[in-house]
Amino acid sequence: MMSYSRRSRYSRSPSPYKRYGRSISRSLSRSRSRSPSSDVDNPGNNLYVTGLSPRMTKRELEKHFATEGKVVDVHLVVDPWTRESRGFGFVTMSTVEEADRCIKYLNRSVVEGRVITVEKARRRRGRTPTPGFEFVEELQVTLLVEELQVTLLVEELLVTLLVNLPATLLTEGA
């Protein structure tokens, strides 16, 4: 039985996703389990900071928060291409009390001419990647597999031609 595309139940063309049986990219990708053990709750010392300038650096953010206690870690979320701040980040303080002090005194403070917001982070780790990127990865793998199959078919045809060419030349020349 032929599988059909999810786009339309009336489509007669086979789904490109089902062509090779199991999804190739799923077997290549890491597990993205959402089990409770992998989703660690914030103990209270991890802060979510928004309203940051695109020119903000990790060092400047750490310096601003160090006024209220010991900063354990700073994660400034940056654009992967421009390396500029995306306007938010996470600061981990050494104690819950220091984190509470940061919320009390640094929330609505001004850094580089911008008012920042400081609140407790909702969870310790980042969210799972956007599903659209997984689709693009799967499509790229599918295209590579198809390109490889075409290359193998061309090679097979060339070998067949080279093997049969001498016999063809002999019969045409006689």
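**Exercise 1. Determine which strands H2 lies across, and then place H3 on the sheet.**

Solution. H2 lies across S1, S2, S3 and S6, and runs at about 140° to S2, where axes are lines fitted to C-alpha atoms, for helices over the stretch in contact, and angles run from 0 to 180 degrees between N-to-C directions. H3 also packs on the sheet, touching S1, S3 and S6 (contact means heavy atoms within 4.5 Å), and its direction makes about 150° with that of S6. Helices (H or I, at least four residues) and strands (E, at least two) are DSSP runs, numbered from the N terminus. The model is predicted, with local features needing pLDDT of at least 70 and side-chain atom pairs pLDDT 80 or more, while totals for chains, interfaces and linings use all residues. Residues are numbered from 1 along each chain as its sequence is written, and side-chain values use heavy atoms, leaving out hydrogens and water.

**Exercise 2. Work out the strand order of the open sheet and identify which strands stand at its edges.**

Solution. The four strands follow the order S2-S3-S1-S6 with antiparallel pairing, two strands being paired if DSSP finds at least two bridges between them. S2 and S6 (117–120) each have a single partner strand, so one side of each is left without a neighbour in the sheet. Five bridges join S1 to S3, with Thr92 as the partner of Asn46 and Val91 as that of Leu47. Six bridges join S2 to S3, among them that of His75 with Phe90.

**Exercise 3. List the residues that Phe65 touches.**

Solution. Setting aside residues up to four places away in sequence, Phe65 touches Leu47, Val49, Val71, Val91, Met93, Cys102, Leu106, Ile116 and Val118.
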